[in-house]
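Okay, shall we get going? I'd like to walk you through the empty spaces in this one, and then a couple of helices.

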Amino acid sequence: MPIDEWLSSRLARTKAAGLYRSLKPPQAVAEAKRTNWASNDYLSLANDKRLIHAAETALRRFGAGSTGSRLTSGNTEWHEKLERKIAGFKQTEAALLFSSGYLANIGVLSSLPEKGDVILSDQLNHASIIDGCRISKADTVVYRHTDMNDLEEKLRTAQSRARCFIVTDGVFSMDGTIAPLDEIMLLAKRYRAFVIVDDAHATGVLGDAGRGTGEYFGVSPDVVIGTLSKAVGAEGGFVAGSKALIDFLLNHARTFIFQTAVPPASCAAACRALDIIKDSRDKRRLLQSSVTTIKRGLEDIGFTVKGEDTPIIPVMIGDPQKAVRFANGLKEKGIEAPAIRPPTVAEGESRIRLTVTADRKLRDIEALLEGFKLVGRELNLVK
Ligand SMILES: *Cc1c(COP(=O)(O)O)cnc(C)c1O
């Protein structure tokens, strides 16, 4: 069978399962910015003039690309400055840049745990953690989402292993739940495990200074992974931790060694953003108050809303087809919010996933709630 025919038949199965994806036209995305409830730009920094200015200045001086891996020709003062800035922000000894959060997870999980070790991974961890576990030579054991009894049982069983690693999202991307990092740290101490936390959705959002899950709970995990592409408003990924950890990753993480360094202009933008984030308490408060208004509003209408005090709000629908119809109904009313279905979430847990950003006006929130009420009634989900 010719390759295109074979791929088309596989895609036909994807379509039949209702799981086909396609890109929205850029024009439509740009026009929908005001009505789109799916952005990860939580603090609305991606278009902040201060970040753009910082990037422009670095762009002129260092060019559009970084020309090579950090270990060859790609290292600039902006990369090193940003690493110092991240370490300061996360209050660790050191930090290391990766091209993305995805590659930071792959780099850590494929290099740190060895054969004979075990990785205990939360059931709802991000795809990049799952892929990192697959590449690792260690075995992976999945524990039930944020279930500390299950984690403890699995830690106990794993005591014969050379080492145990617990890996978790700080804020879970589809459920908006916060990992109980304080309890995880206690269990890790009791059962001599190392803790790796992926703070992609927590950086800039959780904690008084926005330092993330560690600050929120007042604990210091062994390895902190993050992205510069969500609340930080730029792009790139990082790992923060001890000097020994960073030196180890620089020598052993293949996604660091064999990848071209992020462009210096992105580093400059991220540096500026981290300074802004520390002092953005008012913005975080505003964001949190918008989240509370939306959640209360949806519950008053009669919806079941999951998650905790994070800008990720899953509105539970249940049936996948209904979730898609719901998203289409919202779209007709000028509201863009994605339907999330299996396999991204469990069977029967299809949902509309909203994310909130700090630039939301009260009138946007009112329009959102009105849209949910109307579509909910049309589909007989609320009275
Ligand atoms: C978005 C995300 C990533 C990937 O980060 P990128 O910088 O976009 O590659 C990793 N982990 C989690 C939990 C995420 O939500």
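Which elements each supply at least two residues of the lining of the largest pocket? They are α5, β6, α14 (320-332) and β9 (339-340). Those labels are DSSP runs numbered from the N terminus, helices being H or I with at least four residues and strands E with at least two.

Quick housekeeping. This is a predicted model, so local features need pLDDT of at least 70 and side-chain atom pairs count only at pLDDT 80 or more, while totals for chains, interfaces and linings use all residues. Residues are numbered from 1 along each chain as its sequence is written, and side-chain values use heavy atoms, with hydrogens and water left out.

Back to the pocket. Its volume is about 1400 Å³, and 43 residues line it, with Arg-21, Lys-24, Pro-338, Ala-339 and Ile-340 nearest the centre. α14 gives the most to that lining, 4 residues. By class we get 18 nonpolar, 16 polar and 9 charged. Here nonpolar is Ala, Val, Leu, Ile, Met, Phe, Trp, Tyr, Cys and Pro, charged is Asp, Glu, Lys and Arg, and polar is the others, Gly among them.

For the method people: on a 1 Å grid over the protein atoms alone, a pocket is an open set with protein on both sides within 12 Å along at least five of seven lines, a cavity is a set of points where a 1.4 Å probe fits but cannot get out, and lining residues have an atom within 4 Å of a point. Points join across faces, edges and corners, and volume is the space filled by probe spheres set on them.

So, how many cavities of 30 Å³ or more turn up in the whole structure? Just 1, with about 70 Å³ of space in it. Its lining includes Arg-70, His-79, Phe-98 and Thr-255, and β1 (94-98) and α11 (254-257) are the elements giving two or more residues. The class split is 5 nonpolar, 5 polar and 1 charged.

Now α10, residues 243-252. Leu-245, Ile-246 and Leu-249 are its buried residues (under 20% relative accessible area, with exposed being over 50%, 1.4 Å probe, protein chains only). They line one face of the helix, because they fall within an arc of 95° down the axis, taken from the directions from helix axis to C-beta atoms. On the other side, Lys-243 and Ala-244 are exposed.

Last one: just after α1, Gly-18 takes a positive phi of about 70°.
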